[in-house]
Structure formats: structure tokens, C-alpha cells
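Student: I have a model open and would like to learn how to read it. Where do we begin?

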Amino acid sequence: YVESTIFGDVDDKMEIATDEIFGPVMQILKFNDYEDVLKRANNTTYGLAAGIFSQNINTCNYFSRALKAGTVWVNCYDVFDASVPFGGYKQSGFGRIKGEYALENFTQVKSVTQLLPQDGGWYN
């Protein structure tokens with residue numbers, strides 16, 4: 001267990017910048033521009049969730065579309081609803097839980113083709 005912790009002066013080669021950490025942990029990395037941020041955010045084998053905080057709606061829309069994450073929270077974090085699918089991209093998930101997409105985990109599709117009798121059978 002790690003208490004709420006903020007790690008400063010993190011660089012791209014540090015494990016804390018590349019691996020998923022489940023807990024109240026934040027890494028702070030310096031950046032040059034938005035493209036630098038996006039490249040770093042997507043340069044991982046994981047993609048469970050991401051959070052964007054900005055007053056600029058265009059920035060929020062740009063990042064929410066470009067981030068390779070299964071869930072993107074904008075100006076909030078860790079907000080869930082039973083109707084909203086949740087699951088990750090890449091190595092952070094297989095399928096979705098919650099929402100209509102979750103039903104696929106409990107169903108199988110089957111096709112049945114049957115030749116009906118020439119006399120019309122039951123539908124005559």
C-alpha cells in the first residue's frame with residue numbers, strides 16, 4: 001500500500017512513468033507542447049483510463065479523441081455509471097464491463113440454416 005503520493009521530476013525512462021499504478025499516485029513530468037504530452041501518454045503497453053483537466057474545450061476534445069485509452073474522464077476522475085462501458089486498450093483489458101457492451105461477455109452468436117420441406121411444412 002502507498003499513501004497518496006506525488007512524484008516530481010519524473011522522466012520517461014522511469015518505471016513509474018511507464019507502468020500502471022493502482023493507487024492514489026500521481027507522476028509529474030515536464031513537457032514542451034501538446035504533441036509531446038500525447039506521444040508520452042500513448043507510449044505505453046497499457047491504456048485503461050486517462051484524465052484530462054482543462055478549461056479549453058478544444059483541448060479536451062483533441063486529447064479525448066487522440067488518447068489510446070478505454071476510458072477518458074474530462075474535468076473529473078474515477079466517475080462510473082452502470083450504463084457506460086469500462087475497459088482498457090492494449091494490455092489493459094479484454095472486453096468491457098458495464099453497459100450494453102458487457103452483455104457480449106455472456107452471449108454467443110449462433111447461425112442456424114435449415115432446409116424446409118418442399119410442401120411448405122409448418123408455415124403453409
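Student: Which exposed residues does the face of α3 turned away from its buried side carry?

Tutor: This is a predicted model, so read it as such. That face of α3 carries I57, N58 and R65, which are exposed.

Student: And which residues of helix α3 are buried?

Tutor: Start with the general idea. An α-helix has 3.6 residues a turn, so residues three or four places apart point the same way. Now the case here. Helix α3 spans residues 57–66, and T59, C60 and F63 are buried in it. They cover an arc of only 100 degrees around the axis, so they sit on the same side of α3.

Student: What do the buried residues of α3 pack against?

Tutor: Their partners are α2, β3 (49–52) and β4 (71–74).

Student: What happens at the start of α3?

Tutor: Look at N56. One of its side-chain oxygens comes to within 2.8 Å of the backbone nitrogen of N58. You met N58 already, among the exposed residues of α3.

Student: Now salt bridges. How many does the structure hold?

Tutor: Look for a side-chain nitrogen of Lys or Arg within 4 Å of a carboxyl oxygen of Asp or Glu. The structure holds one such pair. R40 and D12 form it through their side chains, at 2.9 Å from N to O.

Student: Where in the chain are R40 and D12?

Tutor: R40 is in helix α2 (residues 34–42), while D12 is in the loop between β1 (5–7) and α1 (15–18). They are 28 residues apart, so the pair links distant parts of the chain.

Student: How accessible is R40, and how accessible is D12?

Tutor: Partly exposed lies between the cut-offs of 20% and 50%. R40 has a relative accessible area of 25%, so it is partly exposed. D12 is at 41%, so D12 is partly exposed too.

How values were computed: Residues are numbered from 1 along each chain as its sequence is written. This is a predicted model: local features need pLDDT of at least 70, side-chain atom pairs count only at pLDDT 80 or more; totals for chains, interfaces and linings use all residues. Side-chain values use heavy atoms; hydrogens and water are left out. Helices (H or I, at least four residues) and strands (E, at least two) are DSSP runs, numbered from the N terminus. Buried means under 20% relative accessible area, exposed over 50%, partly exposed in between (1.4 Å probe, protein chains only). The arc is that of the directions from the helix axis to the C-beta atoms. Contact means heavy atoms within 4.5 Å. A polar contact is a pair of N or O atoms within 3.5 Å; within protein, one must be able to donate a hydrogen and the other to accept it, and residues adjacent in sequence count only if both atoms are side-chain atoms.
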